[in-house]
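User: Please look at this structure and explain how its contacts are assigned.

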Amino acid sequence: MLHLGLGNFFRAHQAWYTARASDAGQWGIAAFTGRRPCLADALSAQDGLYTLLTRGSDRDRFDTLAGLSATHAGHDHRAWTDHWRLPGLAVVTLTVTEAGYLRRPDGGLDTGADTVRADIAALRADPTAPAVTAAGKLLTGLAARDRRGLGRIAVVSCDNLPDNGTVLENTVRELARHTGRPELTAAIDGCATFATTVVDRITPRTTDEDLAAVAAATGLADAAPVVTEPFSEWVISGEFPAGRPRWEETGARFVADVTPYEQRKLWLLNGAHSLLAYAGGIRGRTTVADAVADPVCRAWLAEWWAEASRHLTLPHEESAAYRTALLDRFANPRIRHALAQIAADGSQKLPVRILPVLRRERAAGRVPQGAVRVLAAWICHLRGSGVPVTDTDAARIVPLAQGPLPAAVRGILAFLGFEHAADRTLVDAVRDQAEALCAQ
Ligand code: CS2
């Protein structure tokens, strides 16, 4: 197996599912970093071993995981293409975050982004050149495989995007077209299938206290432990032409269509996270557990969940049970999940977490105040309230959100695809809530 986006989430999720499968011994994972190249060195220095610290609400569990057979910096092009040329490679997983897909708001590849432009130019000149974007790296890998005459493998997106397999496939195909090199498109056709998955496990950033807790409990100086919660979910749909680990033994579910699970997870969990990150931040809360302990945030959460739940297709009892369990997960006092971590890249997250529900509610003639509040809180956040702004699109959206509030609301909503002229009611509702929130 190969993974792009080596970080905490991958090590708490896909690597954990793989490590516990009965055929784990046959599946080494070579993992390449996304944004943290130094993690590859830290893990190499400890032979790929790391501690998974699972924090339940009343006890900790420490496991040493051994599935990483090699770790590399994401820019190590030579190692990357060498792995793609291995006949035994069967699965490539990715966790590159929503922003890593470099999509425009309409879903197409953002060919205006510097990194995308650089990859197009480099691959047009030389299809074996190193690439910098995730899509570019997949193309160079697939092309290396194709030149060896090797067959199809599964490429598995594990990011929080609806229909992430199709999104990834479209992005890679679009990049290939822009390079003007038909051999790259042929490499996709000949070497890849794209699986769609829903992934879930709350995995906060590791803190110095976590390092100390791991050292105290295990006696090991682990430089890169991962903290996670007991809950985890993986729902998968797609083909694995060259085989895969027996993930079904370790809790993964294989289904024909992930949509019902995807909507439940993206709307109820991730949408709620975004609400708490912006609105809870404005109320001075710093972690998810702090925010859900605040009765005002809890009421806002209930309002959002009621709106979102109306549009879920799973049986009502199932989504109600999910919400109850989710509240316990959010309230877990021993997981310090910083709102600032979740707040990052709202420009990529809100369109997939909040807007699908907002659109459905507007189509039904309602003004959903829970969804409206998330947008209003995001605008206040971009204007400096609550946790600090980190966003790949900050240069575009932060200026839009400045100045008189009504104009800021119109600018941000237009960015999200809601024009004042087309839906005054909605824009006015967001403005009213933003006035109240920004004044807090
Ligand atoms: C969070 C997710 O940071 C965020 O935006 O909403 O990382 C969330 O914790 C995971 O999707 C949980 O599975």
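Analyst: A polar contact is a pair of N or O atoms within 3.5 Å; within protein, one must be able to donate a hydrogen and the other to accept it, and residues adjacent in sequence count only if both atoms are side-chain atoms. The model is predicted, so local features need pLDDT of at least 70 and side-chain atom pairs pLDDT 80 or more, while totals for chains, interfaces and linings use all residues. Residues are numbered from 1 along each chain as its sequence is written, and side-chain values use heavy atoms, without hydrogens and water.

User: What makes the pair between Lys-349 and the ligand a polar contact?

Analyst: An N or O atom in the Lys-349 side chain is 2.8 Å from an oxygen atom of the ligand. The limit is 3.5 Å, so the pair counts as a polar contact. Arg-353 also has a side-chain N or O atom 2.8 Å from a ligand oxygen, and for a polar side-chain atom of Lys-265 the distance is 2.6 Å.

User: Why is the ligand said to lie between domain 1 and domain 2?

Analyst: Domain 1 (2-254) and domain 2 (259-438) both give residues to the shell around the ligand, so the ligand lies between them. These bounds come from an automatic or database domain assignment.

User: How many residues from each domain are in the contact between domain 1 and domain 2?

Analyst: The C-alpha centres of the two domains lie 28 Å apart. Domain 1 brings 32 residues to the contact and domain 2 brings 26, where contact means heavy atoms within 4.5 Å.
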